[in-house]
Amino acid sequence: MKTPELFKEYIWLLNTIYQADMISFAEINEKWLRSEMSGGVEISRTTFNRHKDAIEDIFGIIIECDKKNGFKYYIANKSVLREDTIQNWMLSSMTVHTAVQEGISLQKRILLESIPSGYKYLQSILEAMKTNHCISFTYQKYNDAEVKNYPEAEPYCLKLYKQRWYMLTKVKQQFRTFSLDRIKNFEKLAKSFQLDKDFDAEDYFHDYFGVFRDESTPPQKIVIRVSKAERPYLRDLPLHHSQKEIFANDEYSDFSYFISPTDDFIGEILRKKNRLYVISPIEVRSKVLKSIQEMEKNYKKQKKT
């Protein structure tokens, strides 16, 4: 069987088990026979076990059998399919790709966001990260005429944020974050580096929103009041993993966060307009208010001209 066809079967099997939560082999075969991929032929136990092993190798998703509950299959490590994991991203992307391939008519009925920018050097950066090799590149910020040269940097991790790829590197023993779409003249160097043994990319960004970590802005408890209309959206898709709903009535809810109030976080609050606002601390509330006042000043200035 061709590799693309195998991948379709992996995605189908993984989605079937994930959606069912718990499902027997017989029930899997019932669903399989109703799919176009089956051709009217059941999945053999041997094929099923091969697919199960391949899914673990490719996606890192473990399918196990609960022998005490009617020999039903389930995903043992569901945490890897939370919103911000690479497994979730891969599964979502490949599910859409498979669906579109199976029905050409769907191509005009599935609308996607633009492909994340900065992918030109993505593969080369991944290779350098995999082998822990230093990299060299030049970098030019938006609205900055100066092109800076970074002859030796250590690539630590990649993060996707708002349709842009960002790279966290160590330059002269200091962590720096770069947007991939502003990188030029990239080169993978022969020199290797030793990754800090206690480095964890998730921990590094744990108390921050977005891609920039500001040591001068320590994480703190922030309470936000959310309108009744906005409340279900935050319940389904939290702003941050630390989010807790600490109060609710018929008109609004209060959510608490333990997070650094960086510009990225303030920008996300402003993006929600009048549907939420900061209750405490007063310093963060004042920071949001200052941004609103500056926006108002700019609009009034434009009106005069």
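Over the ring of which residue does the charged end of R45 sit? In this predicted model, that ring belongs to F25, and the charged end of R45 lies 4.0 Å from its centre. A second contact of this kind involves K159. Its charged end sits over the ring of F205, 4.5 Å from the ring centre.

K159 also has a place in the strand pairing. Its bridge partner in strand 6 is Y166. Strand 5 and strand 6 run antiparallel and are joined by 7 bridges. The two strands form a hairpin with 2 residues between them. In this turn, K162 has a positive phi of about 50°.

Strand 6 is also paired with strand 7. These strands run antiparallel, with 6 bridges between them. M167 stands opposite F178 of strand 7. Here too the strands form a hairpin, with 2 residues between them. K172 takes a positive phi near 50° in this hairpin. Strand 6 spans residues 164-171, and 7 of its 8 residues are buried, so the strand is largely enclosed by the rest of the structure.

Aromatic contacts were examined next. The model holds 21 aromatic pairs. One of them joins Y139 and F178. The ring centres of Y139 and F178 are 4.9 Å apart and the planes meet at 75°; since planes over 60 degrees apart count as edge-to-face, the pair is edge-to-face. Y139 belongs to strand 4 (residues 133-139) and F178 to strand 7 (residues 174-179), so the contact ties together parts that are 39 residues apart in sequence. Y139 and F178 are buried.

Y156 and F193 form a stacked pair, with 5.8 Å from centre to centre and 25° between the planes. This pair links distant parts of the chain, 37 residues apart. Y156 lies in strand 5 (residues 148-161), whereas F193 lies in the loop between strand 8 (183-192) and helix 6 (201-204). Both residues are buried. Y156 and F193 belong to one aromatic cluster with F175, F199, Y204 and F205. F205 is thus a member of this cluster and carries the charged end of K159 over its ring.

Helix 8 covers residues 263-271. Its buried residues are F265, I266, E268 and I269. They cover an arc of only 155° around the axis, which puts them on the same side of the helix. An α-helix has 3.6 residues a turn, so residues three or four places apart point the same way. Just after helix 8, K273 takes a positive phi of about 60°.

Key:
Residues numbered from 1 in each chain as written. Predicted model: local features only at pLDDT ≥ 70, side-chain atom pairs only at ≥ 80, totals over all residues. Heavy atoms only, no water. Buried < 20%, exposed > 50% of the residue type's maximum accessible area, 1.4 Å probe, protein only. Helix = DSSP H or I, 4+ residues; strand = E, 2+ residues; numbered from the N terminus. Arc of directions from axis to C-beta. Phe/Tyr/Trp six-rings, centres within 6.5 Å; stacked < 30°, edge-to-face > 60°. Lys NZ or Arg CZ within 6 Å of the ring centre and 35° of its normal. Pairing = 2+ DSSP bridges.
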